[in-house]
Amino acid sequence: MTAAPVDAQQSASEPGETAQAVAQTNTLVAKLWNYCNVLRDNGMSTIEYVEQLSYLLFLKMVDESENDPWEGRDMSAVVPAEYNWKSLVGKRGVELEKHYRAVLENLGSRPETTIGTIFHEAQNRITKPALLEKLVVELIGREDWSMTGVDLKGDAYEGLLNKGASDTKTGAGQYFTPRPLIDAMVDVMRPGPEDTITDPACGTGGFLIAAHAYVREHHMGTMSLDERKAYDEGRKIWGNELVTGTARLAAMNMLLHGIGTSDGPSLITVGDALADKPSGKHATLVLANPPFGRKSAITVIGQDGEADKQETEYDRDDFTATTTNKQLNFLQHIMSLTAIGGRAAVVLPDNVLFEGGAGEKIRRKLLDEFDLHTILRLPTGIFYAGGVKANVLFFDKKAPRADGKPHTSETWVYDFRTGQHFTLKQRPLTRAHLDDFVAAYCAGEPLSSRVESEDENGPFKKFTYDELLARDKVNLDITWMKDPALDDADSGLPPEVIAEEIVRDLQSALNEFTAIARSLGSDVDVPEAEVE
């Protein structure tokens, strides 16, 4: 959920190389964004610009690859000659627009492949033939993508997606998690060659791409050829996305980052992740940021046998509690999706930590049957959705204990919210802001190696299982720090930052009142605030 350029430092080892990579990426992003500007007058939203460009970029890159086949494969088998890039370049005007629609229809008829996901239900929204011709002949057609490395192509495309996230009016930002947060979560989870990795609400694939990059950077030198192929071909990484248009962006994003193959199995499943319980495909590492918003359009029948009937109903006997709260259902789904011995890191809003009823039942199960060892309290101002107060829950899934004792012995809470002030433009979140948390987490070390903050008002504190259970409704929304800015009128915060925080606090308060009203049976809804 950030519109900042993609940080290219992980793909370059020297400072000079880093600066050059960033410059190249930003130049390519700007060029792609200029393509989008060509489409502005065609009445499309920002995310639709990117979607339309994805079709054309894919065809152009496959065309270039035919002259230099990827891994010796004949790419003409991927896109038949009558529907390839050359077939477009040879046409003009209305004839080009008509043929392009036929291309989209043909390539979208290959289910369960990456190319099928990219072109599934694809429609040409470039309704002016002159604009389509300009893109095909004068702009994209003149670029040579074969001279661009995989990292640069992937980073540039991701940068384009991130620019699209800034279009708050169309809700594009709801599919994005801040890249610095993704990187910090992946850094402490430390994915390795033995892991199978998934995201059940993958958006445009940010978590999956970051996890793959981590494995490649830290383990590729010691992995066997088969292990490397398993990751590069995507056999150990997969995701799920509800929205078809977003799924196609994820498939394209992963392909450009070197994950999967265009004519191979699709790594992105399109559909409702909550509809069915995991069947034979569990993951040792789950990374996710389920969509914001509490209301669900389904009915869940839990172990308690209760049901709240709506239009669609499905039965999840692996769920502990019945609820129409989308985040609570995603948490239950991830608890089922994680393999025994596996681990998960999930971004969830505050209500998951304090809501009673179903929320309390789920939290008790999480503490008893899982090891909920860490909670990271996130600051406001880092997501495009207005008024969001969220956390990252880190937990491990354990086999049942013979003595029946809970798996969670202590939970460490890192408060990265109190005293932190971020905005999307004036003070965006960076990876460096999370360095202290990553260091305090002590990834790969036992919990006993962690150290609480010396200052009582410090950010890192542990709570025992008994202390957590003693809290009203097992409330895990724990605060103890005091924001110094509240007592210091001369705190130095810019007026625009203060104003934006006031707006976000008001929106957050409205969200919480809405949650209370819904729990009392009201169907009230509150539109998200737009904070520019």
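The legends below describe close-up views of a predicted model.

**Figure 1. Confidence along the chain and at two low-scoring stretches.** The mean pLDDT of the protein is 82, and 77% of the residues score at least 70. Residues 1–15 stay under 50 in pLDDT, and the model gives them 37 contacts beyond four places in sequence. A pLDDT below 50 also applies to residues 527–532, a stretch with 16 contacts in the model beyond near neighbours in sequence.

**Figure 2. The largest nonpolar core, viewed around leucine 56.** This core holds 102 residues, and the members that touch the most others are Leu56, Phe119, Leu181, Leu376 and Phe394. Helix α2, residues 46–67, supplies eleven residues, the largest share of the core. Neighbours within four places in sequence aside, leucine 56 has contacts with Trp85, Leu88, Tyr100, Ile126, Leu132, Leu135, Val136 and Ile140. A further core of 33 residues lies apart from this one; its members include Ala358, Leu367, Phe395 and Trp480.

**Figure 3. Aspartate 63 and lysine 86.** Aspartate 63 belongs to helix α2. With a relative accessibility of 11%, aspartate 63 counts as buried, because the cut-off for buried is under 20%. Its side chain forms a polar contact of 2.5 Å with the side chain of lysine 86. Beyond four places in sequence, the contacts of aspartate 63 are with Trp85 and Lys86. Trp85 is also listed among the contacts of leucine 56.

**Figure 4. The nine-stranded open sheet.** The strands follow the order β3-β2-β1-β4-β7-β9-β8-β10-β11, and their pairing is mixed. The edge positions are taken by β3 (268–270) and β11 (460–464); each has a single partner strand, so one side of each has no neighbour in the sheet. The average turn between neighbouring strands of this sheet is 15°, with direction ignored.

**Figure 5. The β3 edge and helix α9.** Strand β2, residues 237–241, runs parallel to β3 and is joined to it by three bridges. Glycine 239 has isoleucine 268 in β3 as its bridge partner. Helix α9, residues 206–219, packs on the sheet and touches β1 (197–199), β2, β3 and β4 (283–288). The direction of helix α9 makes about 160° with that of β1.

**Figure 6. Strand β8 between its two partners.** All eight of the eight residues of β8 (370–377) are buried, so this strand is largely enclosed by the rest of the structure. Leu376, one of the residues that touch the most other members of the largest core, falls within the range of β8. On one side, β8 pairs with β9 (residues 390–397) in the antiparallel sense over seven bridges. Within that pairing, aspartate 371 has aspartate 396 of β9 as its bridge partner. The pairing of β8 with β10 (residues 410–415) is parallel and has four bridges. Here isoleucine 375 is bridged to valine 413 of β10. In a regular strand, side chains alternate between the two faces of the sheet.

**Figure 7. Threonine 284 and aspartate 195.** Threonine 284 lies in strand β4. Threonine 284 is partly exposed, at a relative accessible area of 22%. Aspartate 195 is 89 residues away along the chain, yet the C-alpha atoms of the two residues are 5.6 Å apart. Their side chains make a polar contact of 2.6 Å. Leaving out neighbours within four places in sequence, threonine 284 is in contact with Glu194, Asp195, Thr196, Ala339, Gly342 and Arg343.

**Figure 8. Two loop residues with positive phi.** Most residues other than glycine have a negative phi. Glutamate 121, which is not a glycine, has a positive phi of about 55°. Glutamate 121 sits in the loop between α5 (114–119) and α6 (129–139). Its relative accessible area of 56% makes glutamate 121 exposed. Cysteine 442 likewise has a positive phi of about 55° without being a glycine. The loop that holds cysteine 442 lies between α15 (435–441) and β11, and β11 is one of the edge strands of the sheet in Figure 4.

Definitions and conventions:
Residues are numbered from 1 along each chain as its sequence is written. This is a predicted model: local features need pLDDT of at least 70, side-chain atom pairs count only at pLDDT 80 or more; totals for chains, interfaces and linings use all residues. Side-chain values use heavy atoms; hydrogens and water are left out. A nonpolar core is a set of buried Ala, Val, Leu, Ile, Met, Phe, Trp, Tyr and Cys residues joined through side-chain atoms within 4.5 Å. Buried means under 20% relative accessible area, exposed over 50%, partly exposed in between (1.4 Å probe, protein chains only). Contact means heavy atoms within 4.5 Å. Two strands pair if DSSP finds at least two bridges between them. Axes are lines fitted to C-alpha atoms, for helices over the stretch in contact, and angles run from 0 to 180 degrees between N-to-C directions. pLDDT is the predictor's confidence in each residue, from 0 to 100. A polar contact is a pair of N or O atoms within 3.5 Å; within protein, one must be able to donate a hydrogen and the other to accept it, and residues adjacent in sequence count only if both atoms are side-chain atoms.
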